Amino acid sequence: MFTTQILDQTTDVYSMLQKDRLKTELEVIYRRSDFRNMTGAISLLQFIIESNLQTTFSETYKLLLIIVTIPMTTAEAERFFSTLKRVKTFLSSTMSENRLSTLAMLSIKKRMINDIPKFNESVIDLFASKKDRRVDLIYKNCT
């Protein structure tokens, strides 16, 4: 069984959660063996989604979404700011915030981007098609 102290602390921090409804939903989850056999928040969230129980367990669903999106450590946030500092030193500080955050995200997620076939060529083609430039920027494969 879960403790009401943790429930109180959780609903104090996340005021959008309805305490009484969340308590009822968690009591049902803790009583049922098919829920109790879940190993972690992600598997429980997947089960709720696959079983189409989002409206039945609406408060638990909200809480699980919060849990799975909060990073376990601050490493990713620290990595983001470290990358942001590097990107900002290479580029003008007058750059728009949207462009800066996009470049930082590209730098952070470079492994994922490297797995996308012909990503660079697609970006260059998209950029070249936007408006006329002084230099022809169409990517030409020389092989």
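This section describes the confidence of a predicted model, the second largest pocket, and the surroundings of three residues.

The structure is a predicted model, and the mean pLDDT of the protein chain is 77, with 76% of its residues reaching 70 or more. Among the elements of the chain, the highest mean pLDDT, 88, belongs to helix α2 (residues 19-31), whereas the lowest, 67, belongs to helix α6 (residues 75-90). Where pLDDT is low, the predicted coordinates should not be read in detail.

The second largest pocket encloses about 290 Å³ of space. Its lining draws at least two residues from each of three helices, namely α7 (97-108), α8 (110-114) and α9 (119-130), and the largest share, 5 residues, is supplied by α7. The lining is made up of Asn-98, Arg-99, Thr-102, Leu-103, Leu-106, Lys-110, Ile-113, Phe-119, Asn-120, Val-123 and Phe-127; when these residues are sorted by class, 6 are nonpolar, 3 are polar and 2 are charged.

Within this lining, Ile-113 may be considered in further detail, as a residue placed in helix α8. Ile-113 counts as buried because its relative accessibility is 12%, which lies under the 20% limit for that class. When neighbours within four places in sequence are left aside, the contacts of Ile-113 are with Leu-106 and Phe-119, and both of these residues also appear in the lining of the second largest pocket.

A second buried position is provided by Ser-58, which is found in helix α5 (residues 58-69). The relative accessible area of Ser-58 is 17%, and the residue is therefore classed as buried, again with reference to the limit of 20%. Beyond its neighbours within four places in sequence, Ser-58 is in contact with Arg-21 and Glu-25. With Arg-21, the side chain of Ser-58 makes a polar contact to the side chain of that residue, at 3.1 Å. The residue range of helix α2, 19-31, the element with the highest mean pLDDT, takes in the positions of both contact partners, Arg-21 and Glu-25.

Asn-52, by contrast, is an exposed residue, located in the loop between α4 (41-50) and α5. Its relative accessibility is 60%, so that Asn-52 counts as exposed, the class being reserved for values over 50%. The backbone of Asn-52 is described by a phi near 55°, which is a positive value in a residue other than glycine.

Conventions
Residues numbered from 1 in each chain as written. Predicted model: local features only at pLDDT ≥ 70, side-chain atom pairs only at ≥ 80, totals over all residues. Heavy atoms only, no water. 1 Å grid on protein atoms, 1.4 Å probe; cavity = no way out; pocket = protein on both sides within 12 Å on 5 of 7 lines; lining within 4 Å. Points joined across faces, edges and corners; volume = space filled by probe spheres on them. Helix = DSSP H or I, 4+ residues; strand = E, 2+ residues; numbered from the N terminus. Nonpolar A, V, L, I, M, F, W, Y, C, P; charged D, E, K, R; others polar. Buried < 20%, exposed > 50% of the residue type's maximum accessible area, 1.4 Å probe, protein only. Contact = heavy atoms within 4.5 Å. Polar contact = N/O pair within 3.5 Å; in protein donor to acceptor, adjacent residues only side chain to side chain. pLDDT = per-residue confidence, 0-100.
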